[in-house]
Amino acid sequence: MFPFIEIFGRQIPVYALMAILGAAAICVTAVILAKKRDCISAEDIFYMLLYAGIGCLIGSKLLYLIVSVDVYWLDGKSLKENLRYWLVLLTTGGLVFYGGLIGAALGALRYCTHFKIPVGKAFETVVPAVPLFHFFGRLGCFAAGCCYGKEYDGALSVTFNHAIGAPNGVPLIPVQLFEAAGNLLLFTVLTVLYLKTLPKLSLTGLYLVCYSVMRFTLEFFRGDDIRGNALSLSVSQWISLAVFAFGIVLIVRKCQKCKILPP
């Protein structure tokens, strides 16, 4: 709706502001949760998230380029010219959440293994705050008009007038707001479960299962075709299936470890 706001005479992207708010929110929330369990130091949480942030940026950019290769490959240009063009896209183009999630996980894993931080405890502490970060991110998407929904002229539809990515003047499904609301609900549930100290449940697995189901469903209502597709499903839907399966594995393994399920 409002892709830019003016601060001291300069136009600032609302998406960038939402990303900064999300980063601050995940850091503060994860530190608070860590102190509740007294299992990971605030310093380790901060640096682990710094590693995760770097991985998130790299992963989200790379997956964006991969799923958009048919759109952003310059026909008639040499490989060198296309690589130079892609370098520009890496610094100015969009982001794909799943790429960022995978990159963030690898970055956090790198920090934990290098500094001998318990991976399970570290991830379980940070994961409840991930949907909160994503909540702010989707608000930023809505402000910019990216990741928009299909054309729909009915209840709850929205019409952009100054969008960067979405078609202006066309009523659309506000899929960004639906996903933002879903992430806020998921953050609340995971945080409550964490504070209730339920060690027999894998919060990481639960997050992956819940988000993958939500994302798989919402993809049917997306209107931006730049995300790539195969066999009638978007790339994000195929990734959702893999993430769902991995989440189930984590939940089952945790239940087996706690002797809730037989090995």
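Let me start with one contact: the side chain of Ser212 reaches the backbone oxygen of Val209 at 2.9 Å. Please keep in mind throughout that what we are looking at is a predicted model. Ser212 belongs to helix H9, which runs over residues 203-218, and with a relative accessibility of 1% this serine counts as buried, because anything under 20% falls in that class. Leaving aside residues up to four places away in sequence, Ser212 touches Tyr98, Ser240, Val243 and Phe244.

Turning to the helix as a whole, H9 has 16 residues and reaches 22 Å from its first C-alpha to its last, which is close to the 22 Å expected at 1.5 Å a residue. H9 is mostly covered, with 12 of its 16 residues buried, and among these are Leu203, Gly205, Tyr207, Val209, Tyr211, Met214 and Arg215, besides Ser212 itself. What lies over them? The cover of the buried residues includes helix H5 (97-114), helix H6 (119-126), helix H7 (130-144), helix H8 (175-195) and helix H10 (235-257).

Arg215 takes us to the salt bridges, of which the count comes to 4. The side chain of Arg215 meets that of Glu219 at 2.8 Å, N to O, and Glu219 is also met by Arg222, at 3.3 Å. Arg215 is buried, at a relative accessible area of 3%, while Glu219 counts as buried at 5% and Arg222 counts as buried at 6%. Salt bridges with shared partners join Arg215, Glu219, Arg222 and Asp224 into one network.

A further salt bridge pairs Arg138 with Glu179, at 3.2 Å, N to O. Arg138 lies in helix H7 and Glu179 in helix H8, so this pair ties together parts that are 41 residues apart in sequence; both Arg138 and Glu179 are buried.

Now to the surface, where a nonpolar patch of about 860 Å² is made by Phe46, Tyr47, Leu50, Tyr51, Ile54, Ile58, Leu62, Ile66 and Phe115. Tyr51, one of these, lies in helix H2, residues 42-67, and is partly exposed, with a relative accessible area of 32%; it can therefore enter a patch, since membership asks for over 30%.

Finally, the chain overall: its secondary structure comes to 10 helices and 6 strands, and of its 263 residues 44% count as buried. Among contacts with a separation of 6 or more, 67% come from residues 24 or more positions apart. The chain exposes about 14,400 Å², and carbon and sulfur atoms supply 70% of that area.

Note on methods
Residues numbered from 1 in each chain as written. Predicted model: local features only at pLDDT ≥ 70, side-chain atom pairs only at ≥ 80, totals over all residues. Heavy atoms only, no water. Patch = residues over 30% accessible without salt bridge, like charges linked within 9 Å, V, L, I, M, F, W, Y side chains within 5 Å. Areas by Shrake-Rupley, 256 points an atom, 1.4 Å probe, with all protein chains shown as cover. Helix = DSSP H or I, 4+ residues; strand = E, 2+ residues; numbered from the N terminus. Buried < 20%, exposed > 50% of the residue type's maximum accessible area, 1.4 Å probe, protein only. Polar contact = N/O pair within 3.5 Å; in protein donor to acceptor, adjacent residues only side chain to side chain. Contact = heavy atoms within 4.5 Å. Expected span 1.5 Å × (residues − 1).
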